[in-house]
Amino acid sequence: MASAADDKSLPTYQQSLIINESEAAATDLPHPGEKSPLSSANVINRKERTKRVDSLDIFRGFTVSLMILVDDAGGEWPMITHSPWDGCNLADFVMPFFLFIVGMAIPLALKRVPNKLLAARKVIFRTFKLLFWGVLLQGGYSHAPDELTYGVDMKKIRWCGILQRIALAYLVVGLLEIAIKSTQAEEVPIRGFSIFRVYCWQWLAGACVLIIYFSVLYGTYVPNWEFTVQRIDYPDYGEHFAVTCGVRGKLDPPCNAVGYIDRQVLGLHHMYQHPAWRRSKACTANSPYEGPLRPDAPSWCHAPFEPEGILSSISAILSTIFGVHYGHVLVHMKNHADRLKHWILTGLALLVIGIILHFTHAMPLNKQLYTFSYVCMTSGAAALVFSFSYVMVDMIGFKYLFLPFKWIGMNAMLVYVMAAEGIFAGFINGWYYGDSRNTLVHWIQKHIFVEVWHSERVGILLYVIFAEILFWAVVAGILHQLRIYWKL
């Protein structure tokens, strides 16, 4: 934990899930011990510039809350968990929302960085910290919240994950932002859509990412492959399967280039062993719920797949680039109406492009492959959700209505680790009475929620909303009053 007042020269609340928008304001202030040459008028102006954009905190907190909801209630409500393959459920918006927020915060945090080398060093160092936390939390070392053990076999450690993807996008886009700042004036007069021309290098980089992704996705030859089931808790543990491919340019589960590259580079043992496609109709009769695999299920149903893999993470950089563009609008356009016009029109355009690509069968919405249609639709949705938050909070002033989201958003790393990754629940479960299932967490779920509502589905949903999301909102609110934040 660290106090918000510890570091005035660089962002205060940088978390694994985003870098707070308000970090940029801190760079406008003199370092402790320095004498400021500012006049009183300039001091007033600087204080005005340090005013938070509360809507970004709220959007961040909403996204963390959404992650907790879909992760912990998705088993009972499959329509909100990840789509088994093509399509887009509620859970499929979480990752691109985080990447969009990361991108939006980057130009705000770096707009007054005096030393580019120092800024690049900070970006790289924080990238390594994100990678460390990602591997620690999702590599298999933590078995929370249900298993009271820890440790991971290095032969089977999972190298990819949510924070690792965020780290890659943050590194690439952060260094790009630092590099192109030399070509930008301190205060560039922006009118209408001329901002696209001003930051043309950003869009050129996005085009390069897209060309690389398309070239590999459609140009890579995927041969036949084989695998052995590695999960001990699976009934087919140790069985050997063969998958027939011998194609290129396919976007189906067994024969796409995304999975092929991960199998070749990462290895099957280091990939996610319980992919969402196991809930598809081809794999289980219980679809869209979890269930045993069909006796006649295709061989690929038994295989691992990495949803945060190498090629899909390259495509995910585009979500962050779209977010950076919205951050540039926030920096350069000072009028509410101008900002909203640009944000809403661009967001609607992205949303329509993604939907058209999907329903014309040109390219399906697919989170596992991180297709371009998926990037466009989810980025457009992020833009519209943020615009709504901006209108309600920063323009109309309905801040108190969204305070729980704001508190979570200002301590996103803490809530992510403790709630979304189940570390706190795992700690509580470690104190049981007689049986490892007889814990405070399970008692609250059963007696306060499930039995009261006479429904497992409704009880679990209400437990997640009140005992997880609202509980951590209150904790984050108390920490905010104490000015305590978890920063990287």
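This report describes the fold, core, aromatic pairs, salt bridges and surface of a predicted protein model.

## Overall make-up

The protein contains 17 helices and 6 strands. It has 488 residues, of which 53% count as buried. About 22000 Å² of the protein is exposed, and carbon and sulfur atoms supply 65% of that area.

Among the contacts with a separation of 6 or more, 74% are between residues 24 or more positions apart. One example of residues distant in sequence is Val 102 and Ile 321: they are 219 residues apart along the chain, while their C-alpha atoms are 9.3 Å apart in space. Val 102 belongs to helix α4, which covers residues 94-110. With a relative accessible area of 2%, Val 102 is buried.

## The nonpolar core

The largest nonpolar core has 122 residues, and within it Ile 166 and Trp 343 touch the most other members. Helix α4 provides the largest share of this core, with 12 residues.

Leaving aside residues up to four places away in sequence, Trp 343 touches Met 104, Tyr 326, Val 329, Leu 330, Ala 383, Phe 386, Ser 387 and Tyr 390. Trp 343 is also part of an aromatic cluster, together with Phe 59, Phe 93, Phe 97, Phe 100, Tyr 326, Phe 386 and Tyr 390.

## Aromatic pairs

A pair of aromatic rings is described by how far apart the centres are and by the angle between the planes. The structure holds 29 aromatic pairs. In one of them, Trp 85 and Trp 277, the ring centres are 5.9 Å apart and the planes stand at 50°, so the pair is tilted. Trp 85 sits in the loop between α3 (54-73) and α4, and Trp 277 in the loop between α9 (257-265) and α10 (310-332); the pair therefore ties together parts that are 192 residues apart in sequence. Both Trp 85 and Trp 277 are buried.

Another pair is formed by Trp 203 and Phe 322, whose ring centres are 5.9 Å apart with planes at 50°, so this pair is tilted. Because Trp 203 lies in helix α8 (residues 200-219) and Phe 322 in helix α10, the pair ties together parts 119 residues apart in sequence. Trp 203 counts as partly exposed because its relative accessibility is 22%, whereas Phe 322, at 12%, counts as buried.

## Salt bridges

Side chains of opposite charge can pair when their charged atoms come close. The count of salt bridges comes to 7. In one of these, Asp 54 pairs with Lys 406, and the closest N and O atoms are 3.2 Å apart. This pair links distant parts of the chain, with Asp 54 in helix α3 and Lys 406 in helix α13 (residues 403-410), 352 residues apart. Asp 54 has a relative accessible area of 4% and is therefore buried. Lys 406 is buried as well, with a relative accessible area of 16%.

A salt bridge also joins Arg 158 and Glu 308, where the closest N and O atoms are 2.9 Å apart. Here too the pair links distant parts of the chain: Arg 158 is in the loop between α5 (116-138) and α6 (162-180), Glu 308 is in the loop between α9 and α10, and the two are 150 residues apart. Arg 158 is buried at a relative accessible area of 10%, and Glu 308 counts as buried at 7% relative accessibility.

The salt bridge between Asp 233 and Arg 231 has an N to O distance of 2.6 Å. Asp 233 counts as exposed, with 51% relative accessibility, and Arg 231 is partly exposed, with a relative accessible area of 27%. Elsewhere, salt bridges with shared partners join Arg 158, Glu 306, Glu 308 and Lys 367 into one network.

## A nonpolar surface patch

Ile 465, Phe 466, Leu 470, Val 474, Ile 478 and Leu 482 make a nonpolar patch of about 540 Å² on the surface. Leu 482 is located in the loop between α17 (456-481) and β6 (484-485). Its relative accessibility is 54%, so Leu 482 counts as exposed.

Key. Residues are numbered from 1 along each chain as its sequence is written. This is a predicted model: local features need pLDDT of at least 70, side-chain atom pairs count only at pLDDT 80 or more; totals for chains, interfaces and linings use all residues. Side-chain values use heavy atoms; hydrogens and water are left out. Patches are made of residues with over 30% relative accessible area and no salt bridge: like charges are joined within 9 Å, nonpolar side chains (Val, Leu, Ile, Met, Phe, Trp, Tyr) within 5 Å. Accessible areas come from the Shrake-Rupley method with a 1.4 Å probe; for residues, only the protein chains shown count as cover. A salt bridge is a side-chain nitrogen of Lys or Arg within 4 Å of a carboxyl oxygen of Asp or Glu. Helices (H or I, at least four residues) and strands (E, at least two) are DSSP runs, numbered from the N terminus. Buried means under 20% relative accessible area, exposed over 50%, partly exposed in between (1.4 Å probe, protein chains only). Contact means heavy atoms within 4.5 Å. A nonpolar core is a set of buried Ala, Val, Leu, Ile, Met, Phe, Trp, Tyr and Cys residues joined through side-chain atoms within 4.5 Å. Rings of Phe, Tyr and Trp (its six-membered ring) pair if their centres lie within 6.5 Å; planes under 30 degrees apart count as stacked, over 60 as edge-to-face and the rest as tilted.
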